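Got your viewer open? Load the model and keep the selection panel handy for a short walk along one interface.

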Amino acid sequence: EEVTFQDMEANADTSKTTSKTVSKAGWKKIQFCADQAAADGLQYFWIDTCCIDKRNAVELDAAINSMFRWYQNAARCYVYLSDVSKSDNGADDERAWKEAFKSSRWFTRGWTLQELIAPRLVDFFSLEGQRLGSKLTLETEIHEITGIAKNALRGDALSNFSIKERRSWAERRNTTIEEDGAYCLIGIFDVSMVPNYGERRDQAFRRLEEEIHRLYKGMDFEQFAIPDNLASFPEAAQFVAREKELSKMHELLHGHSSRAAVVLYGLGGIGKTQLAIKYVTRHKEEHTAIFWLNANDEDSLRLSFRNIAQQVLKHHPSTRVLSGVDLEGDLDRVVNAVKAWLDLQGNTRWLVVYDNYDNPRISNNSDRSTVDVRQYLPESDHGSIIITTRSARVTQGRRLRVQKLAGLEDGLKILANMSGREGIENDADAKALVSKLDGLPLALSTAGAYLEHVTTSFAEYLRLYEESWLKLQKTSPTLNSYEDRSLYTTWQVTYNRIRKQNAASAQLLKLWAYFDKQDVWFGLLRHARSADDEWIQKLTNDELSFNEAVRLLCEYGLAHAEPSLRQLSGSAGYGVHSCVHSWTVSVLNSEWDDGLTRLALTCVASEVPNTNTDKWWLLQRRLIQHVTRHAQFITNGNVDVEGIEW
């Protein structure tokens with residue numbers, strides 16, 4: 001009952017306007033489209049069923065390969081749903097048409113997928129021609145019906161979505177002609193191929209996959225293709241959406257003619273490795289080979305390169321640059337041979353991840369345990385690289401700072417997944433715990449793992465966290481996804497490195513335990529100049545010395561500037577993450593230091609302004625969190641105030 005191109009040709013003869021063409025059920029759709037286009041002030045409209053001469057193979061080929069772009073460039077797209085009726089009788093009718101909308105045949109057809117995704121504006125109409133809504137206003141319903149990501153419906157570049165995800169959008173859709181199941185995806189994957197009706201569905205999909213691989217991996221991808229070696233990848237944790245970071249990574253790494261590199265940096269336990277794993281999993285089909293290297297030290301890097309050589313030779317044993325190298329001999333030769341293979345002309349679509357590059361060799365650092373990653377980077381200007389590091393000073397790519405999870409929702413997901421406790425979205429105690437752990441994936445995963453096999457409630461865990469932090473962490477299960485690191489050990493290695501570079505930085509972090517976690521600034525600490533400790537004296541000698549010490553903490557992610565807390569009463573301060581603060585209290589100060597407590601109390605008390613000072617209340621407000629902490633110390637008997645009663 002669809003009106004065809006031939007029907008329209010026949011109908012162009014005015015003597016035949018009353019012919020069977022107009023009596024076809026499909027004519028109602030054409031008449032509706034003409035009326036609606038005129039109402040919207042449009043000059044032309046196009047409908048695939050009657051505007052393509054399917055007898056002309058060249059025209060049909062051009063239309064199939066161009067249709068996605070035509071929809072993309074359209075001013076509007078109308079979806080006429082002949083199986084959805086709207087009588088305009090209020091709320092009851094809205095419920096009825098929305099139920100019919102969810103089960104409409106339109107959402108099960110292959111060719112309508114591009115009609116939904118490609119256009120900027122899509123309007124849905126009922127059988128009667130009444131407007132039901134747009135792609136934007138019905139976004140939630142369409143997402144639930146189709147499983148298509150909302151960002152895709154909003155017009156995000158399809159290259160931001162993995163090949164697997166785009167393929168999944170069509171899994172429950174059908175086409176009348178079996179080969180069209182593949183042909184209707186040509187625009188979704190931005191490829192071109194000549195339709196060959198009669199080749200059968202399997203062959204059509206095989207050709208589609210080949211075109212997709214050529215687009216992403218290059219013409220000669222097969223000679224460099226290495227299947228993923230999952231054993232070399234770290235175990236993935238319960239990952240929650242970091243869509244903004246993943247999208248930015250793909251923008252920086254995909255579709256460039258030259259070398260593309262991204263540096264993920266941030267606090268230990270913040271989820272850098274997990275983010276890299278998620279990226280690799282999502283976009284693995286876009287690369288001929290993906291290799292995961294442990295960049296923690298030189299020995300680990302060399303062994304990782306030997307692993308790459310073994311993988312390449314396993315699948316391409318005659319590879320000239322590698323076949324003559326003794327893999328059990330000089331590992332530096334192995335490294336150079338692998339780099340030569342990555343440098344080969346035509347081998348341009350690989351991705352290498354340098355994970356845990358946490359001890360980088362900085363120009364003025366003579367420590368021999370540091371690693372210079374530049375010696376292990378391929379030399380040619382192609383391929384993709386991801387580096388994960390705690391150091392903000394790594395500059396071998398575009399830097400992306402990985403920060404804590406912003407909202408409670410993602411934290412609750414990790415806690416629920418790891419603990420196996422469902423339906424905690426509105427649990428006040430779970431929310432309080434997630435808020436305390438402050439968006440740190442390692443802390444959230446540790447809490448969830450602990451709670452999985454015990455009856456401890458969220459409220460009880462929070463009490464134990466605050467009262468017995470170190471013992472709780474030591475008795476928590478090991479997380480495979482974080483290798484041999486736990487919440488109470490993960491920052492110790494970083495702290496030791498900081499202490500070797502600047503002892504004043506290490507002492508500042510230790511002293512921080514006796515202040516609140518937020519808003520520590522030089523003006524507050526300058527009152528500690530009289531301290532006996534030489535490093536505290538150096539730290540508080542002048543503002544430049546303080547800046548030098550706190551900068552190193554910031555570079556390793558253990559502290560951060562807090563410009564959002566900038567006060568009218570002075571320069572902006574610095575803060576540490578809630579979990580880092582708990583660690584400084586329980587680990588760095590496992591033996592409570594009365595001298596540091598008195599010193600911190602003296603700093604806070606000395607900064608309290610006289611009420612004759614201009615806008616004295618601003619500084620008082622800034623000090624209140626530190627005052628509250630010291631009032632608690634005094635009440636609990638944690639500090640001897642003899643001699644400093646003032």
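Which domains does the domain assignment of the chain give? Colour by these ranges: domain 1 (52-217), domain 2 (230-401), domain 3 (408-475) and domain 4 (487-636), with bounds that come from an automatic or database domain assignment. A heads-up: this is a predicted model, where local features need pLDDT of at least 70, side-chain atom pairs count only at pLDDT 80 or more, and totals for chains, interfaces and linings use all residues. Residues are numbered from 1 along each chain as its sequence is written, and side-chain values use heavy atoms, with hydrogens and water left out.

Now show just domain 1 and domain 2, whose C-alpha centres sit 38 Å apart. At the seam, 11 residues of domain 1 are in contact with 10 of domain 2 (heavy atoms within 4.5 Å). The pair buries about 1100 Å², 47% of it on carbon and sulfur atoms (accessible area, 1.4 Å probe, lost on putting the two parts together, summed over both). Select Asn 160, Tyr 216 and Lys 217 next: they supply 54% of the area that domain 1 buries against domain 2, more than any other three residues.

Then zoom to Arg 167 and Glu 285, which form a salt bridge with closest N and O atoms 2.9 Å apart (Lys or Arg side-chain nitrogen within 4 Å of an Asp or Glu carboxyl oxygen). The count between these two domains is 1 salt bridge.

Finally, switch to cartoon. Helix H10 (163-168) and helix H12 (201-217) each supply at least two residues of the domain 1 side that touches domain 2 (helices are DSSP runs of H or I, at least four residues, numbered from the N terminus). H12 gives the most, with 4 residues.
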